[in-house]
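Trainee: Could you take me through one part of this model closely, beginning with a single residue and working outwards to what surrounds it?

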Amino acid sequence: MAHTDKDVDTLNSFLRGEISAVETYRQALGHIEDDVRRRTLEECRQDHEHRVETLRSRILQLDGKPAEGSGIWGAFAKVVQGGADVLGENAAISALEEGEDHGLRDYERDADKVHGDLRRFVRMELLPAQKSTHKKLSHLKHTLH
């Protein structure tokens, strides 16, 4: 089945979320002292970076133009930064978990907006990867003292 501009738009929506997630993790990492927490957040950031590269590649394969900005999560990154400055590590991790929730909802809501092999790509690669990142962050948040 031929891919449409809507497929590229949907993938770009996912891409903006992933770019913003990377930015948000970078911001938060500047406020995390604990080594275990830093390692987990670094893993999550790398997971999101991998999805950025994968999405860019897919969009280019479709002759689309990959998004460069971060969209909604960009504003979220600033909130995380401000919250971490004032409230510390736990607030930053809680805010990151909210962002992971948002990303997971986006993938679940929009997975069927793409067609053919792209739908498999979203459902079999991106969504499970997002669930994994979400689970790591959720576990970290629930082990906070």
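Mentor: Let us begin with Leu127, which counts as buried because its relative accessibility is 5%, where buried means under 20% relative accessible area and exposed over 50%, with partly exposed in between, for a 1.4 Å probe and protein chains only. Please keep in mind that this is a predicted model, in which local features need pLDDT of at least 70 and side-chain atom pairs count only at pLDDT 80 or more, while totals for chains, interfaces and linings use all residues. Residues are numbered from 1 along each chain as its sequence is written, and side-chain values use heavy atoms, leaving out hydrogens and water.

Leu127 lies in helix α5, helices being DSSP runs of H or I with at least four residues, numbered from the N terminus. Apart from its neighbours within four places in sequence, Leu127 is in contact (heavy atoms within 4.5 Å) with Leu104, Tyr107, Glu108 and Val122. Its C-alpha atom is separated by 9.3 Å from that of Gly103, the two residues being 24 apart along the chain.

Tyr107, one of those contacts, leads us to the aromatic rings, where rings of Phe, Tyr and Trp (its six-membered ring) pair if their centres lie within 6.5 Å, and planes under 30 degrees apart count as stacked, over 60 as edge-to-face and the rest as tilted. By this rule there is 1 aromatic pair. The rings of Phe14 and Tyr107 have centres 4.5 Å apart and planes at 40°, so the pair is tilted. This pair joins distant parts of the chain, with Phe14 in helix α1 (residues 5-29) and Tyr107 in helix α4 (residues 89-110), 93 residues apart. Both Phe14 and Tyr107 are buried.

Phe14 also belongs to the packing of α1 on α5, where Asp7, Leu11, Phe14, Glu18 and Tyr25 of α1 meet Leu118, Phe121, Val122, Leu126, Gln130, Thr133 and Leu137 of α5. The axes of α1 and α5 (residues 117-142) come within 13 Å and cross at roughly 20°, with axes taken as lines fitted to C-alpha atoms over the stretch in contact and angles running from 0 to 180 degrees between N-to-C directions. That makes α1 roughly parallel to α5 (angles under 35 degrees). On the α5 side, Phe121 has the charged end of Arg58 over its ring, 4.2 Å from the centre, the rule being that CZ of Arg is within 6 Å of the ring centre and within 35 degrees of the ring normal.

Terms used: Helices (H or I, at least four residues) and strands (E, at least two) are DSSP runs, numbered from the N terminus. Angles under 35 degrees count as roughly parallel, over 145 as roughly antiparallel, 65 to 115 as roughly perpendicular and the rest as oblique.
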